Amino acid sequence: MDELAHIPAGYSYVKYFDYRLNPEHPPLVKALSALPLLFQKLNFPTDSPYWQKDINGQWAVGTQFLYEYGNDADKIINWARFAPMILTLILILFVYIWAKELLGKWWALVPTILTAFSPTILAHGHYVTTDIGATLGTFISIYYFVKYLLRQNAKNLIISGIALGIALLMKFSTVLLLPLFVFLALIYAILETRDYAYEKFAGKILWFFKDFLKYTGILIGIFAVAYILVYAVYLVFTINYPIEKQVADTKYTLASFGDGPDINFETCKITSSIPLSKRSRCLAEINIWMSGNKIFRPLGEYLLGVLMVIQRSAGGNTAYFLGEVSASGSWYYFPVVFLLKEPIPSLILIALAIFVVFIKFIKNFNKASLKERFFTYLDLNFAEFSMLSFVIFYWLYSIRSPLNIGVRHILPTVPFIYILITEAIKNWTRRKTIISDSFIKNFLKQIFRFLKTSSKAAFIFILIAWYLMETLVNAPYFLSYFNEFGGGTFDGYKYVTDSNYDWGQDLKRLKNFIDDKKINKIAVDYFGGGNPKYYLNDTSTSLNTSKVEYWQSSKGNPKYEGINWLAVSINTLQSAIEKLHLGQQRNPEDEYRWLIKIKDVYKPDYRAGTSIFIYKLN
């Protein structure tokens, strides 16, 4: 779905240095994806009113660029997907690198395999969207920040800043790394005060204050390097974006931000005169001012994207989840979807790791104070603590967000989860050496320990093999993958859809079905970024001669128009027929009531892939 906006936007950045399309996402993934397109002779709709006059006319421009201006859509899409595939491979490599440093070269293979063969990562790792970029950017940013804290020098500071800048240019949610780094720096400063145990309380406070100032300076330095990079990239991609249009676009886009434009930039300078409930509007006014300033307008375009994400997140997204259609979101959305879409062997490994850590905690409960155990853990496992902190922080943020549109939004936490569970399992399988006075007792105990350790290793091996088999068996339907708890790949839609199941990925499978059945005419209610008429070579605009007729519930039964086949995306179908959450509204004519009367909608006559349900109407 989102590729329809991201691909043309990226091309406009690298070809025309103009950022008018898709400002709600940072440019890096889109720009990298568009670089191979520069070597093709493509027609871009710069003469179109959607480009010239529309406010962020990304969907219309995307449709024209891919399907209406004489370009080869498949060639464009395939070449554009090359960059996210490379980013995915780099992510897998970095997972191995950091896991090897923490776990050793053999145990590092476990999180690497889990990452490389994750159905969710395989699903999103080749799309021109921001999710895999955010995952990679987050991973390398935390990796280099921790590396700097453990070995502080100017080189590592600059690298850490560059890595953070890359993350910020991948997806706006990575801005959460800023408070995370502040928290980690604070913890590390507290940890360093333990080196001054010989000092009195006042001395410790003084040293902590000095460390606090030091790490404040370090954070400012890292953040400065990051945002210099952000500024430089946005500067390049806004060179040819007319400043008058940028101001007009920003004003229009933020018209409703903070309850409307009844507060101006000058008023914002005296914040005490503005009601607390209205002060968020000042962010929009500052943004509008920046967009009209030649120096600050690159950062203004970046800030616009951040505010658009805040606005979108607050508004939620209407989608189907656990039997009802809602835009309000649910706090248990991400935990439930993760449990339904993560392969069962992986869930077993996670449960085992949590159990092992809990048992270890209980056994050592009285051996030392919680404070001492915590600081000992930090001394020995600061990298793992950083990973765990991010996972908890990001999950809490995601759970609170009403924007429930897919498990892909917690994808940045997945590689860290795999590394953390592998460390716990490694400790669980580690064989302890016990020395006894009796040679026979010692020998027997070592044999027992060996067998016990070997059985644990065999159990882990079986789970990994199961994991690989689960992925291979469900290929190529990775986007629609659900584990057995979720009904499997072909029944997961009963629990949740949107980008968890149906993102428009089966359009070409629908084309193959139509060709195989030699269908002359079909009504299509399709959810996705593809173009059914384009792929079926249908250039007719007449109902009598067209092969594909775009359909919707309110048009009634297509049989009465001489069309005996109907194809509906499951995401669209469920949004039309499932129970509404309290407060949601839907027009009766949009509820496919006529289809329900003649068909069991969840038992279609055929399916294209997993997500497009096909009904024969005669």
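## Two loop residues, inside and out

A residue counts as exposed when its relative accessible area is over 50%, and as buried when that value is under 20%. Keep those cut-offs in mind while looking at this structure, which is a predicted model. With a relative accessible area of 66%, Asn 537 is exposed. Asn 537 belongs to the loop that links helix H23 (532–535) with strand S4 (548–550). Ten residues along the sequence from Asn 537 is Lys 547, and the two C-alpha atoms are 8.6 Å apart in space.

Thr 129 is also a loop residue, placed between helix H8 (119–124) and helix H9 (131–150). Its relative accessibility is 3%, so Thr 129 counts as buried. Which residues does Thr 129 contact, leaving aside neighbours within four places in sequence? They are Asp 2, His 6, Val 29 and Trp 503.

## A helix pair: H9 and H10

Following the chain on from Thr 129 brings us to H9. H9 packs against helix H10 (residues 154–168) at an angle of about 160°, and their axes are 8 Å apart. This makes H9 roughly antiparallel to H10, and the crossing is left-handed.

If you would like to pick out the contact surface, look on the H9 side for residues including Gly 137, Ile 140, Tyr 144 and Tyr 148. On the H10 side, the residues they meet include Leu 157, Ser 160, Leu 164 and Ala 167.

## The five-stranded sheet

One open sheet has five strands in the order S4-S3-S5-S8-S7, with mixed pairing. S4 and strand S7 (606–608) stand at the edges, each with a single partner strand, so each has one side without a neighbour in the sheet. On average, neighbouring strands here are turned by 25° against each other, direction ignored.

Within this sheet, strand S3 (residues 522–525) and S5 are parallel partners, joined over three bridges. Val 524 has Ala 567 in S5 as its bridge partner. Helix H24 packs on the sheet and touches S3, S5 and S8, with its direction at about 85° to that of S5.

## The three-stranded sheet

Another open sheet has three strands, in the order S1-S2-S6, and again the pairing is mixed. Its edges are strand S1 (319–321) and strand S6 (579–580); each has a single partner strand, so one side of each is left without a neighbour in the sheet. Strand S2 (residues 324–326) and S6 run parallel and are joined by two bridges. Across that pairing, Val 325 stands opposite Leu 580.

## Two enclosed helices

Why is H24 (residues 570–577) described as largely enclosed by the rest of the structure? Six of its eight residues are buried, among them Ile 570, Leu 573 and Ile 577. The cover over the buried residues of H24 includes S1, S2 and S6, along with strand S5 (565–569), helix H25 (593–598) and strand S8 (612–616).

Helix H15 (residues 281–291) is largely enclosed too, because eight of its eleven residues are buried. The buried set includes Arg 281 and Glu 285 as well as Ile 288 and Met 290. Covering elements include helix H13 (243–253), helix H14 (265–268) and helix H16 (297–315).

## Nonpolar cores

The largest nonpolar core has 152 residues, of which Leu 510, Leu 566, Leu 573 and Tyr 592 touch the most other members. Not counting residues up to four places away in sequence, Leu 510 touches Ile 522, Val 524, Ala 567, Ala 608, Ile 612 and Ile 614. A second, separate core of eight residues includes Leu 254, Phe 257, Ala 284 and Leu 307. Ala 284 is also one of the buried residues of H15.

Conventions: Residues numbered from 1 in each chain as written. Predicted model: local features only at pLDDT ≥ 70, side-chain atom pairs only at ≥ 80, totals over all residues. Heavy atoms only, no water. Helix = DSSP H or I, 4+ residues; strand = E, 2+ residues; numbered from the N terminus. Buried < 20%, exposed > 50% of the residue type's maximum accessible area, 1.4 Å probe, protein only. Contact = heavy atoms within 4.5 Å. Pairing = 2+ DSSP bridges. Core = buried A, V, L, I, M, F, W, Y, C linked by side-chain atoms within 4.5 Å. Axes fitted to C-alpha atoms, helices over the stretch in contact; angles between N-to-C directions. Parallel < 35°, antiparallel > 145°, perpendicular 65-115°, else oblique. Left-handed = near helix turned anticlockwise from the far one by under 90°.
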